[in-house]
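Thanks, everyone. Let me put the model up and walk you through it.

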Amino acid sequence: MAEKTFNTPSPSATSAIFGTFDMNVTAIERAFGVKVVNRPSNNDIGDCVTISGDDGAVKNAYEVLMYLNKMASMNNIITEQSVDYAISMVMEKRTSDLNELDDDCIFVSAKGRPIKSKTVGQKRYIESIKKNTVTLGIGPAGTGKTFLAVAMAVKALRDKEINRIILTRPAVEAGERLGFLPGDLQSKIDPYLRPLYDALYEMLGMENCSKYIEKMVIEIAPLAYMRGRTLDDSFIILDEAQNTTPEQMKMFLTRLGVGSKIVVTGDLTQTDLPDGKKSGLAEAVKILRDVDGISIHTFSERDVVRHKLVQRIILAYDKYEKERAEKHKERFDKNYNSKRGNQK
């Protein structure tokens, strides 16, 4: 029987680490088969936490709890997702990756919320945007692709690295028809751009955001409006890029001007293009993979930071698609072998 102890920085940090009704610690105990208890520390500052169990299990639980202790000491919010993420990283022997996550705050939002990476995948995505002129962020829903890109754009604007932010999306109907929506053209288009508005409101506040939009410092427009333009000193984000055609993607990427940066985001598993139409994002990944100055960053379901059920939904769909592909291949092989047998 092994045992390890550590001190929390404060009683409030202890509460954050243990979670509501000790749900965080219960998850750690179940994952590693250990026992975790806390008692008042002799230094009258925080609490003393003791982990007991088999040697390897105690070591792993200690790694997770030390990560949570670090988060609590920086006043970061500890969620159920962050606990599950830390457990999975330690189980996969990726403690060094977990330790990469630090207090590297992009900036503080209008509501006082620090915007920062929550997973290693997100941290590397942010680093990729910093280092490269063009970054393609590809991955499932809930990984923060668009939100973090907008955060980096706002930071660049505040640091006077660029003069304006341009956010765009292809206006592709997801099973509905744009023309049947009520109102003028702008009111028909706005619902497609709403996620971009939401991200900006979160970071700048509605009043500041409206001022920037009014002064054309921030421009939010459908992809079709980009044709024929050269965009200098700008941070340009193309969202939902899986719904572009190859021609649209080429048109967009060639808008890049002097002193500008481009981030393209999309989820290749959620394409709304008509049947038979190629995705411009999928083609761009193949064409641009080895081009200097362009980075292709791929997120996984592990980087999902929404409700943990989103991660389960993504995994369930992935499993279904793989099984369907295998069955299709089996039917094809069976038919092919049958035809060959008849020819003989």
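One cut-off before we start: a residue is called buried when its relative accessible area is under 20%, exposed when over 50%, and partly exposed in between. By that rule Lys123 is buried, because its relative accessible area is 9%. Keep in mind that this is a predicted model.

Let me stay with Lys123. Its partner is Glu127, in a salt bridge with the closest N and O atoms 3.8 Å apart. Both residues belong to helix 6, 4 residues apart, about one turn of the helix. Glu127 has 28% relative accessibility and counts as partly exposed. The lysine of this pair, then, is buried, while the glutamate is partly exposed.

Now the sheets. There is an open sheet of 6 strands. Its order is 8-7-9-10-6-11, and the pairing is parallel. Which strands stand at the edges? Strand 8, residues 218-222, and strand 11, residues 294-298. Each has a single partner strand, so one side of each has no neighbour in the sheet. On average, neighbouring strands here are turned by 15° against each other, ignoring direction.

Look at the strand 8 end. Strand 7, residues 164-169, pairs with strand 8 in the parallel sense, over 5 bridges. Arg169 stands opposite Pro222 of strand 8.

Helix 10 spans residues 246-253. It lies across strand 6, strand 7, strand 9 and strand 10. Against strand 10, residues 261-266, the helix runs at about 155°.

Back to Arg169. What does Arg169 form a salt bridge with? Asp239, with the closest N and O atoms 2.8 Å apart. Asp239 is in the loop between strand 9 and helix 10, and Arg169 is in strand 7, so this pair ties together parts 70 residues apart in sequence. Buried or exposed, this Asp239? Buried, at a relative accessible area of 3%. Arg169 counts as buried too, at 11% relative accessibility.

The salt bridge count comes to 9. One more deserves a look. Arg94 and Glu92 meet through their side chains at 3.7 Å, N to O. Arg94 is partly exposed at 23% relative accessibility. Glu92 is partly exposed as well, with a relative accessible area of 37%. These two also belong to a network of salt bridges that includes Arg302.

On to the second sheet I want to show. This one is open, with 3 strands in the order 1-3-2, and the pairing is antiparallel. Strand 1, residues 2-7, and strand 2, residues 35-40, are the edge strands. Each has a single partner, so one side of each is left without a neighbour in the sheet. The twist averages 20° from one strand to the next.

Strand 2 and strand 3 run antiparallel and are joined by 6 bridges. Strand 3 covers residues 47-53. Within this pairing, Asn38 stands opposite Val49 of strand 3. Helix 3, residues 55-73, packs on the sheet and touches strand 1, strand 2 and strand 3. The direction of helix 3 makes about 10° with that of strand 1.

There is also a charge over a ring. The charged end of Lys4 sits over the ring of Tyr62, 4.5 Å from its centre.

Next, Ser82. This residue is in helix 4, residues 80-91. It counts as buried, at 12% relative accessibility. What does Ser82 contact, leaving aside neighbours within four places in sequence? Tyr67 and Met71.

Last topic: rings. The structure holds 3 aromatic pairs. One of them is Tyr125 with Phe299, edge-to-face, 4.9 Å centre to centre, with 70° between the planes. Tyr125 is in helix 6, and Phe299 is in the loop between strand 11 and helix 12, so the pair ties together parts 174 residues apart in sequence. Tyr125 and Phe299 are both buried.

Another is Tyr197 with Tyr201. This pair is tilted, 6.2 Å centre to centre and 35° between the planes. Both rings belong to helix 8, residues 185-204, 4 residues apart, about one turn of the helix. Tyr197 counts as buried at 11% relative accessibility. Tyr201 counts as partly exposed at 23%.

That's the tour. Over to you.

Technical notes:
Residues are numbered from 1 along each chain as its sequence is written. This is a predicted model: local features need pLDDT of at least 70, side-chain atom pairs count only at pLDDT 80 or more; totals for chains, interfaces and linings use all residues. Side-chain values use heavy atoms; hydrogens and water are left out. Two strands pair if DSSP finds at least two bridges between them. Helices (H or I, at least four residues) and strands (E, at least two) are DSSP runs, numbered from the N terminus. Axes are lines fitted to C-alpha atoms, for helices over the stretch in contact, and angles run from 0 to 180 degrees between N-to-C directions. Contact means heavy atoms within 4.5 Å. Buried means under 20% relative accessible area, exposed over 50%, partly exposed in between (1.4 Å probe, protein chains only). Rings of Phe, Tyr and Trp (its six-membered ring) pair if their centres lie within 6.5 Å; planes under 30 degrees apart count as stacked, over 60 as edge-to-face and the rest as tilted. A charge sits over a ring if NZ of Lys or CZ of Arg is within 6 Å of the ring centre and within 35 degrees of the ring normal. A salt bridge is a side-chain nitrogen of Lys or Arg within 4 Å of a carboxyl oxygen of Asp or Glu.
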